[in-house]
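Please look over the ligand site and the enclosed spaces in this model. My notes follow in numbered points.

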Amino acid sequence: MLHRDVAGLHVHEAGEGRPIVLLHAFPVDSELYEDQLAGTFAGWRVIAPDLPGFGKSPLGEVASLDDHARAVLGVLDSERIERCVLGGCSMGGYVAFAMLRKAASRFDGLVLVDTRMGPDNDEGRRGREETARRALEEGTAGLIEEMLPRLLGPRTLSARPEVVSRVRKMSERATKEGAAAALRAMAARPDSRATLEAFARPALVVVGAEDPITGPAEAEAMCSVLQSSSLRIVEGAGHLPSIETPAELNAALAEFLSAL
Ligand code: MLT
């Protein structure tokens, strides 16, 4: 596995061939995809950046999800990647939607993991602003302890302490400024329904059956508007199947990529 800085972002990558870019959820980082970076997809180059303010990527001037999208497109430009498959988990999905709005023709396929196309309601926006303010004043420890039980499914929480500890470590690497900026950016995100309706290439939609944040109903809603999609509901996973049930996610990904 290669770790390097590209166009202002820290990137993990592995494998050779057609590129697939995987964007992580909030408040973790690209280590979320360690099991996908383990070289399981023959003929594919897996690229997982730390989004601005997470992992080892500096926040810089980034404030909106459009800024996040521009940062990732900057990595593609710098690597001279004209076209790729684009994937994102939760917040990573929101960034992927922003990238589609800027450059849909660059993406041959879409992988959406535990994410949703709708915007926040007023209550959700207020909650995010409150959490952002608290993170800036007190640090991210409280946010992490509140989020952990919602990020992971009950089976992971009770039987896989090593996964819980990996997710906690990743979350602790997020800076408070990065977390607050991402919360405010997510609160301001637009409805992405029309973006998904317009996407004409194949999409794989994956969701953990035990996800309390963006569960199967959200995944089904995205499939109902996408032109070409397949849905995988993963038993035993919560919000982060790439780390909770990597074998199942990798099997679904391998099947999807082999048909592209
Ligand atoms: C995430 O996992 O990226 C966040 O839970 C997404 C959200 O809060 O909407």
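1. Which residues surround the ligand? They are Ala25, Phe26, Ser90, Met91, Tyr94, Arg116, Arg128, Met147, Met186, Ile213 and His239. A residue counts if one of its heavy atoms lies within 4 Å of the ligand. The shell divides into 7 nonpolar, 2 polar and 2 charged residues, with Tyr and Met counted as nonpolar and Gly as polar.

2. This is a predicted model: local features need pLDDT of at least 70, side-chain atom pairs count only at pLDDT 80 or more, and totals for chains, interfaces and linings use all residues. Residues are numbered from 1 along each chain as its sequence is written, and side-chain values use heavy atoms, leaving out hydrogens and water.

3. Three polar pairs involve ligand oxygen (N or O atoms within 3.5 Å). A polar side-chain atom of His239 lies 2.7 Å from a ligand oxygen. For a polar backbone atom of Met91 the distance is 2.8 Å. An N or O atom in the Arg116 side chain is 3.2 Å from a ligand oxygen. Taken alone, the ligand exposes 270 Å², and the protein buries 94% of that (Shrake-Rupley method, 1.4 Å probe).

4. There are 2 cavities of 30 Å³ or more. A cavity is a set of points on a 1 Å grid over the protein atoms alone where a 1.4 Å probe fits but cannot get out; lining residues have an atom within 4 Å of a point. The largest cavity holds about 40 Å³. Its lining includes Leu22, Tyr33 and Gly88.

5. The second largest cavity holds about 30 Å³. Helix 3 gives the most to its lining, with 4 residues.

Technical notes: Polar contact = N/O pair within 3.5 Å; in protein donor to acceptor, adjacent residues only side chain to side chain. 1 Å grid on protein atoms, 1.4 Å probe; cavity = no way out; pocket = protein on both sides within 12 Å on 5 of 7 lines; lining within 4 Å. Points joined across faces, edges and corners; volume = space filled by probe spheres on them. Helix = DSSP H or I, 4+ residues; strand = E, 2+ residues; numbered from the N terminus.
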